[in-house]
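Trainee: Could you pick one part of this model and go through it slowly with me? I'd like to know what touches what, and what is covered or open.

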Amino acid sequence: MSQISATEAPHLHQIDLTKLSLPQLTKLKQQLEQELTVFQDSLQTLKIAQTKFQESGSCLDRLSSTAKGREILVPLTNSIYVSGRLANTEKVIIDIGTGYFVEKDIESAKDYFKRRVTYVTEQMEKIQQLGLEKSKIREATMDVMKMQGQMAAQKQAAE
């Protein structure tokens with residue numbers, strides 16, 4: 001486990017960790033920890049998006065033709081709502097990102113949210129896999145650092 005490589009990145013090459021100096025290993029460990037932090041942040045953001053898509057899909061399940069004319073609260077921002085009435089329960093307007101909205105029928109909108117949940121879930125799985133690989137590399141780096149520290153201590157004790 002003293003050699004590392006990236007299996008999904010063929011343009012990278014193997015590095016023998018035992019040939020790196022302690023400062024190089026320390027720098028590599030810090031870089032790996034920064035990457036792991038970025039992966040964790042990305043996973044958190046994707047989890048929020050996944051939850052919002054799931055909630056949007058479940059809201060559509062509760063919308064029925066009998067709800068026409070019912071009073072609802074319409075969100076203008078995250079904290080400001082105004083009252084309104086449902087005029088059309090056959091079609092909805094959904095936010096598809098970056099300020100674009102599309103009118104869809106209920107089934108198409110449900111399908112859209114289902115596809116988005118699937119896509120976000122796949123991205124989360126990819127990031128988790130990369131995170132596991134980076135964690136293994138970090139652990140190997142820490143093992144080599146510990147081994148080099150012990151060797152330095154033994155060498156110093158022998159002198």
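Mentor: Here comes a close look at the two packed helices, followed by the hairpins. Keep in mind that this is a predicted model, where local features need pLDDT of at least 70, side-chain atom pairs count only at pLDDT 80 or more, and totals for chains, interfaces and linings use all residues. Residues are numbered from 1 along each chain as its sequence is written, and side-chain values use heavy atoms, leaving out hydrogens and water.

Start with helix α1, residues 22-62, and helix α2, residues 106-158. These names go to DSSP runs counted from the N terminus (H or I over at least four residues for helices, E over at least two for strands). α1 and α2 pack at an angle of about 160 degrees, and their axes are 8 Å apart. That angle makes α1 roughly antiparallel to α2 (the word is for angles over 145 degrees; under 35 is roughly parallel, 65 to 115 roughly perpendicular, and the rest oblique). The axes are lines fitted to C-alpha atoms over the stretch in contact, with angles running from 0 to 180 degrees between N-to-C directions. As for what makes up the contact of α1 with α2, you'll find 22 nonpolar, 13 polar and nine charged residues there (charged is Asp, Glu, Lys and Arg; nonpolar is Ala, Val, Leu, Ile, Met, Phe, Trp, Tyr, Cys and Pro; polar is the others, Gly among them).

Now zoom in on Gln50, which sits in α1. Gln50 counts as buried because its relative accessibility is 8% (buried is under 20%, exposed is over 50%, partly exposed is in between, using a 1.4 Å probe and protein chains only). The side chain of Gln50 makes a polar contact of 2.7 Å with the side chain of Thr121 (a polar contact is an N or O pair within 3.5 Å; within protein, one atom must be able to donate a hydrogen and the other to accept it, and sequence neighbours count only if both atoms are side-chain atoms).

Over on α2, have a look at Arg115 and Arg116. Arg115 is partly exposed because its relative accessibility is 47%, and Arg116 also gets the partly exposed label, at 29%. From Arg115 to Phe53 you go 62 residues along the sequence, but C-alpha to C-alpha they are 9.3 Å apart. Arg116 and Glu33 are 83 residues apart along the chain, and there the C-alpha atoms are separated by 30 Å.

Just off the helices, Thr18 belongs to the loop between β2 (15-16) and α1. With 36% relative accessibility, Thr18 is partly exposed. Its side chain has a polar contact of 2.7 Å with that of Asp16. Follow the chain 130 residues from Thr18 and you reach Gln148, yet their C-alpha atoms are separated by 8.2 Å.

Next, the strands. β5 (residues 91-97) and β6 (residues 100-105) pair in the antiparallel sense over six bridges (pairing takes at least two DSSP bridges between the strands). Lys91 has Asp105 in β6 as its bridge partner, and Ile93 stands opposite Glu103 in β6. β6 is hardly covered, with zero buried residues among its six.

Thr98 lies in the loop between β5 and β6, and that hairpin has two residues between the strands. The phi of Thr98 is near 45 degrees, a positive value in a residue other than glycine. Thr98 is exposed because its relative accessible area is 76%.

The other hairpin is built from β3 (residues 71-75) and β4 (residues 81-85), which pair in the antiparallel sense over five bridges. One of its bridges puts Leu73 with Ser83 in β4, and five residues lie between the two strands.
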